[in-house]
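Here is a short briefing on one protein chain. Look over the sequence and the model, then read the points below.

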Amino acid sequence: LVMARGSIAVACNLSECRQRTPLSIGKDARILLASDKEIQLVGNGIELAPDSVAIVEAIGNRGSAMRQ
């Protein structure tokens, strides 16, 4: 599940399994806050640990890069 507003996205995994979720922000992004140290940006998405959440910021094209 991903919710994006402007240059910020909140991604969460409510599953008991690791999940990879697309973010459509490219490689210019950074994790601002993560609930698990195993969460990482991978390609154009994010890999989330089970039952975890992360807040991600697009770097560069603020705003337009996050819209899907």
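How much area does the protein chain expose, and what share of it do carbon and sulfur atoms supply? The exposed area is about 4,300 Å², and carbon and sulfur atoms supply 50% of it. Accessible areas come from the Shrake-Rupley method with a 1.4 Å probe; for residues, only the protein chains shown count as cover.

This is a predicted model: local features need pLDDT of at least 70, side-chain atom pairs count only at pLDDT 80 or more, and totals for chains, interfaces and linings use all residues. Residues are numbered from 1 along each chain as its sequence is written, and side-chain values use heavy atoms, leaving out hydrogens and water.

**Overall build**
- The protein chain has 0 helices and 7 strands. Both are DSSP runs numbered from the N terminus: helices are H or I with at least four residues, strands are E with at least two.
- Of the 68 residues, 34% are buried (under 20% relative accessible area; exposed is over 50%, partly exposed in between; 1.4 Å probe, protein chains only).
- Take contacts (heavy atoms within 4.5 Å) between residues at least 6 apart in sequence: 56% join residues at least 24 apart.

**Glutamate 57**
- Glutamate 57 sits in strand 7, residues 52-58.
- Glutamate 57 is buried because its relative accessible area is 9%.

**Leucine 1**
- Leucine 1 lies in the segment before strand 1 (2-5).
- Leucine 1 counts as exposed because its relative accessible area is 67%.
- Leucine 1 and asparagine 13 are 12 residues apart in sequence, and their C-alpha atoms are 6.5 Å apart in space.
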